[in-house]
Amino acid sequence: MAQPKIELDGLLAFPLTPFTEGLELNLDAFAETVESHVAAGAGALFVACGTGEFSSLSPDEHAAILRKAREVVAGRVPVWVGAGGGAASARAGIAAAEAGGADGVLLLPPYLVTGPTSGLVDHVRYAVGESSIPVIVYHRSTGVFTPDSAVDLLGIPSVVGIKDGFGDVELMSRIITTIRSVGTDRARDFLFFNGLPTAEVSARAYAAVGVARYSSAVHCFAPEIAARFHRALAENDDAVMEALLAGFYLPLVALRDEGKGFAVSLVKAAARLRGDKVGSVRPPLVEPTSDQIARLEKIVDDGFAALKSVEAGA
């Protein structure tokens, strides 16, 4: 059965998964987090994905997160959910997402193992199984496609797009061109996303090759900055983008690069700084040091100062 056309426009938000002091799932805090994203204008929510610490969640926690997100959102925006791991886990995750009423699934790469690209396509096909829920395939780590294998994804009707977390713009350009050149409606409607950490830094480069959609981790703690940058990208406003990059995003990325897993840990720390009850990260992720948190606080303050200058027309 052909997949209906999927529209995922606007700023895509990836809510954090809050934990208690004992690192148990905190669904009440999660409900507040979800509502804050919707109130801030997110175009869609992707829960229990990378920023939501998918790899640390049990299947029951995963299902509870999806349930709570759908309850809070109440149809206002699409709710997508992560799935992945080994072949059987990925298949079970997609089936659970469909049964749980998710609008779609972000399929994360295979767990630990790699194989030829034909095997990678087979992994996606097996994970999808008989389900009809829309699936976006995460292109990164153990799941990197070639242009030809990416075209093979068109033969899996439920797959509606590719999200790039690998970071090779040339490869992504070749994948896009190869898929679009197939010339069918399905190929023309296939979606592409920039899924790199702090995606705003690479957003202009990706938009230039046809990947304007991206996910914003900054939306978790500074949605005003994230929304202004997103608007500037849509308007090709280089002056605003450069001001926000220089005043906020580049310093944030420099701090992020000081620690493994800081693409999540720093986001949680920044959300806590603004009063959100998201708790700490689960291991093996680690928290920033007190010095790094102090620098993070200054970076966020500087970011809002840059935003204020932009809005004032400086």
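Leu 112 is found in the loop between strand S4 (104–110) and helix H4 (117–128). The model is predicted, and this briefing covers its unusual backbone positions, the two positions that UniProt lists under "active site" in an unreviewed entry, and the surroundings of His 139.

**Backbone features in loops**

- Leu 112 is not a glycine, yet its phi is positive, at about 70°.
- Leu 112 counts as exposed because its relative accessibility, 66%, is over 50%.
- Thr 198, also not a glycine, has a positive phi of about 50°.
- The loop that holds Thr 198 runs between strand S7 (191–194) and helix H8 (203–208).
- Thr 198 is buried, since its relative accessible area of 11% is under 20%.
- A cis peptide bond, with omega near 10°, leads from Pro 283 to Pro 284.
- Pro 284 is placed in the loop between helix H11 (262–273) and helix H12 (290–311).
- As background, most residues other than glycine have a negative phi, and most peptide bonds are trans.

**Positions listed by UniProt**

- The unreviewed UniProt entry lists Tyr 138 and Lys 163 for "active site".
- These positions are spread over 26 residues of sequence but cluster in space, with a largest C-alpha distance of 4.8 Å.
- From this set, Tyr 138 is part of the lining of the largest cavity.
- Tyr 138 belongs to strand S5, and its relative accessibility of 7% makes it buried.
- Beyond its neighbours within four places in sequence, Tyr 138 is in contact with residues including Leu 106, Leu 107, Leu 108 and Pro 109, as well as Lys 163, Asp 164 and Gly 165.
- Lys 163 lies in strand S6 (residues 159–164) and is buried, with a relative accessible area of 6%.
- Apart from neighbours within four places in sequence, the contacts of Lys 163 include Ile 136, Val 137, Tyr 138 and His 139, together with Phe 14, Phe 193, Asn 194 and Ser 215.
- Leu 106 and Gly 195 are in contact with Tyr 138, and Leu 106 and Gly 195 are also in contact with Lys 163.

**Surroundings of His 139**

- His 139 is located in strand S5 (residues 135–139).
- His 139 is buried because its relative accessible area, 1%, is under 20%.
- With neighbours within four places in sequence left aside, the contacts of His 139 include Ile 162, Lys 163, Asp 164, Gly 165 and Phe 166.
- Val 144, Phe 145, Leu 171 and Ile 175 are also among the residues in contact with His 139.

Technical notes: Residues numbered from 1 in each chain as written. Predicted model: local features only at pLDDT ≥ 70, side-chain atom pairs only at ≥ 80, totals over all residues. Heavy atoms only, no water. Helix = DSSP H or I, 4+ residues; strand = E, 2+ residues; numbered from the N terminus. Buried < 20%, exposed > 50% of the residue type's maximum accessible area, 1.4 Å probe, protein only. Contact = heavy atoms within 4.5 Å. UniProt positions renumbered as here; feature names shortened; annotations may be inferred. 1 Å grid on protein atoms, 1.4 Å probe; cavity = no way out; pocket = protein on both sides within 12 Å on 5 of 7 lines; lining within 4 Å.
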